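Here is a walk through one protein model, taken a piece at a time. Have the structure open and follow along.

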Amino acid sequence: MRSPRLVVPALVCTLGFLLAGCSQQPGAMLNRDARMDPSALAQRQASAQASSTEPTVGQLWGSFQASLAAARSMRITGVVQLSGKAATVDMSGMCDGSNGRSTVAIDNQSLEVTAVSGTYYLKANTAYWRAAGMKQDVIVAIGSRYLASKDPKLGEFTVAGFIGSLKSEQAITEGMGVIAEKTTLTGRPVYLFSVRTQDGRVTIWVTDKGYALLKMRYETSAGTDEITFSEWDMPVSYKAPPPAQIITL
């Protein structure tokens, strides 16, 4: 039987498209928007402020960033576009990366990553490994067990990695073509924050008090990513799989 250690390079490459599509894309997209020259944006749209007591765009963005920095845990679910296909993602865990579990499904392929105190336990179905180019003998060697790794790159595929990609010290102002207005989302009062980019439009919804992130939508010609954020600061206690189900890398 081939040593599981030989799986490591292939495994990192296999996860590459997921890390780029699920955790890095939103952060890269938001940070790119923040750096864009306002002249490159669509014609400036007026901010819809209900009254003088409503927050300015800058205050709204700053408070949103502060809420991300203060978050201890959350759940992230939704659909993102990966290589022209819609993938379903479900992430739950601590925002410091110490504990969590993430799953992704695309077509008939599925992947699960459980993070416990710096170790990542990965489990995928046969369809996923085959689509990733894994050799049949390696797939057989892995079977239905988990691969254990301490590779820090795998931390990107967690709630911590996703939320970290959204954080930015860049200020966003009305002069950058931003729309900010008070509205409702599933019946609750929220603030909507939206900016047009060279590729499409980014829209986020945050609570009207505390400005906690509830939803994000990224619309482009390639499709739409739509993610919801919930279970802020709820207890998280995922455990490592039983030793008999683990292959250590």
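## A hairpin to start with

Let's begin at a bridge: T220 is paired with G223 in β11. That pair belongs to a hairpin made by β10 and β11, with two residues between the strands. The two run antiparallel and are joined by six bridges. Bear in mind throughout that this is a predicted model.

Step back along the chain and there is another hairpin, this one from β9 and β10, with five residues between them. In its turn sits G210, whose phi is positive at about 90°. Here the antiparallel strands share seven bridges, and I204 stands opposite M216 of β10. I204 also has a partner on another strand, since F193 is bridged to it. That link is part of the antiparallel pairing of β8 (residues 188–196) with β9 (residues 200–207), which again has seven bridges.

## The whole sheet

Where do these strands fit in the sheet's order? The sheet is open, has twelve strands and runs β7-β8-β9-β10-β11-β1-β2-β3-β4-β5-β6-β12, with mixed pairing. At the edges are β7 (178–185) and β12 (246–248), each pairing on one side only. From one strand to the next, the twist averages 15°.

As a reminder, strands of a sheet pair through backbone hydrogen bonds, in either a parallel or an antiparallel way.

## A helix packed on the sheet

Which strands does α5 touch? This helix packs on the sheet against β1 (73–82), β2 (85–94), β10 (213–220) and β11 (223–230). Its direction makes about 100° with that of β2.

Is α5 enclosed or open to the outside? Seven of the eight residues in this helix (residues 159–166) are buried, so the rest of the structure largely encloses it. The buried ones are V159, A160, G161, F162, I163, S165 and L166.

## A small gap inside

The model has three cavities of 30 Å³ or more. Take the second largest, which holds about 40 Å³ of space. Its lining is made up of S92, G93, M94, G97, N99, G100, R101, S102, A115, T158 and V159. V159 is also one of the buried residues of α5.

Which elements give two or more residues to this lining? They are β2 and β3 (99–106). The largest share, four residues, comes from β3.

## Two aspartates with positive phi

Most residues other than glycine have a negative phi. D107 has a positive one, near 55°, and sits in the loop between β3 and β4 (109–116). Is D107 buried or exposed? Its relative accessibility is 54%, over the 50% cut-off, so D107 counts as exposed.

D233 also has a positive phi, near 60°. Look for D233 in the loop between β11 and β12. With a relative accessible area of 32%, D233 is partly exposed, because that value lies between the 20% and 50% limits.

## The overall picture

Zooming out, the protein has five helices and twelve strands. Of its 249 residues, 48% count as buried. The exposed surface comes to about 11,900 Å², with carbon and sulfur atoms supplying 52% of that area.

How much of the contact network links residues 24 or more positions apart? Among contacts with a separation of 6 or more, such pairs account for 57%.

How values were computed: Residues are numbered from 1 along each chain as its sequence is written. This is a predicted model: local features need pLDDT of at least 70, side-chain atom pairs count only at pLDDT 80 or more; totals for chains, interfaces and linings use all residues. Side-chain values use heavy atoms; hydrogens and water are left out. Buried means under 20% relative accessible area, exposed over 50%, partly exposed in between (1.4 Å probe, protein chains only). Two strands pair if DSSP finds at least two bridges between them. Axes are lines fitted to C-alpha atoms, for helices over the stretch in contact, and angles run from 0 to 180 degrees between N-to-C directions. Contact means heavy atoms within 4.5 Å. Accessible areas come from the Shrake-Rupley method with a 1.4 Å probe; for residues, only the protein chains shown count as cover. On a 1 Å grid over the protein atoms alone, a cavity is a set of points where a 1.4 Å probe fits but cannot get out, and a pocket is an open set with protein on both sides within 12 Å along at least five of seven lines; lining residues have an atom within 4 Å of a point. Grid points are joined across faces, edges and corners, and a volume is the space filled by probe spheres set on the points.
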